[in-house]
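Me: I am new to this structure and would like to go through a few of its helices with you, one question at a time. Could you show me the sequence and the model before we begin?

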Amino acid sequence: MLKNDAIDLTPAFQRKQDLWNDEKKSRLVESILLGLPLPSFYFSIEKDSKRWVVIDGLQRLCTLKKFAIDQTLELKGLDFLGKQYGKKTYNDFEYFEKLSFSMLSVTVNILKGKTPPDVKYLIFQRINSAGTPLTPQEIRNALNQGVATRLLENMVDIPLFRQMTKGVSAQRMADKEFVLRFLAFYLIGYESYEGDMDAFLNVAMHTLNQLSQDDLDAAKVAFCRGLFVCRELLGDDAFRKPISDSGRRNPVSKALFDALAVSVSKLTQAEQDDLILKKALFSTFYLELFHDKRLQKTLSEGTGKSKSVGYRFQKMEEVIRKTLG
């Protein structure tokens, strides 16, 4: 299947394809040569192409591909078989060594398409409880391949988003989670949020996969327009708390991003234009907001509690209403 590209090694949920160095890869090959069993592999099957999508086991599969198919891995750092196999590639193996390697038994688990998303999510959490676990957003992407993952991939590459969220990592999909949070609160509304961010974002991913292209395009336009207005109002640091205890630039805040970007994006274009014209007044009200101790707490402690989320959005909407008159 690896030879025939029947397994997707670059799914949208991946952290990064090759996280293991050659020594770690070599030790996996050594385990196989010693006859040690490999941990189970987990896959789901793409609805359209029928390719297997890697859920758990990506690094192991990348190692097998590099060694036995690409034949570019030179074994090094072996614990037990260094004298026999050190500096060898797959091409250096004798026929029966290759045969023995390729006949290793592995356990493969396929998650069926009808498996409920919340059950799949639970499975992901459990199989990734050791080692380097997948982040919740990586899990969501793995379970919702299609329209939703393609949209997130596209939206995180919007230059203005990158500019205004500089420092937010793309490697573990933190950037995609920012975008998904926006879409969740924009499409579903903070009023429907019940205090479980993971569950809320899971629903949002599922919702995105059900929307028409027109609705998806409209959400993306609202996102871009909202970013533009936020930058016009507060500059590139719009999603960072303006008051810093250390005197240093604050990091980008998910909680602030949600409340500000979504509240601004829900305005009509006429209201957005009016807000920009009154940005000096908006800035005054906005800065006053950060002297509210309760608001400060919602941005730093228990940010995912339903009351905290509701309070942030309500206060942001209040600032906008006061500015617009």
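Me: At what angle do helix α6 and helix α9 pack?
Reply: In this predicted model, helix α6 covers residues 136-143 and helix α9 covers residues 174-187, and their axes lie 9 Å apart. Angles of 65 to 115 degrees count as roughly perpendicular, and α6 is indeed roughly perpendicular to α9. The angle at which the two helices pack is about 70°.

Me: Which residues in α9 do Gln137, Arg140 and Asn141 in α6 meet?
Reply: By class, the contact of α6 with α9 has one nonpolar, two polar and three charged residues. On the α9 side, the residues met by Gln137, Arg140 and Asn141 are Lys176, Glu177 and Leu180.

Me: How many of the 14 residues of α9 are buried?
Reply: Buried here means under 20% relative accessible area, and the residues of α9 that meet this include Phe178, Val179, Leu183 and Phe185, along with the charged Asp175 and Arg181. Helix α9 is largely enclosed by the rest of the structure, because the number of its 14 residues that are buried is eleven.

Me: What do the buried residues of α1 pack against?
Reply: The buried residues of helix α1 are Lys25, Ser26, Leu28, Val29, Glu30 and Ile32. These residues pack against two helices, α2 (58-69) and α4 (95-102).

Me: Which residue takes a positive phi just after α1?
Reply: At the start of α1, a side-chain oxygen of asparagine 21 comes to within 3.2 Å of the backbone nitrogen of glutamate 23. Just after the helix, a positive phi of about 85° is taken by glycine 35.

Terms used
Residues numbered from 1 in each chain as written. Predicted model: local features only at pLDDT ≥ 70, side-chain atom pairs only at ≥ 80, totals over all residues. Heavy atoms only, no water. Axes fitted to C-alpha atoms, helices over the stretch in contact; angles between N-to-C directions. Helix = DSSP H or I, 4+ residues; strand = E, 2+ residues; numbered from the N terminus. Parallel < 35°, antiparallel > 145°, perpendicular 65-115°, else oblique. Contact = heavy atoms within 4.5 Å. Buried < 20%, exposed > 50% of the residue type's maximum accessible area, 1.4 Å probe, protein only. Polar contact = N/O pair within 3.5 Å; in protein donor to acceptor, adjacent residues only side chain to side chain.
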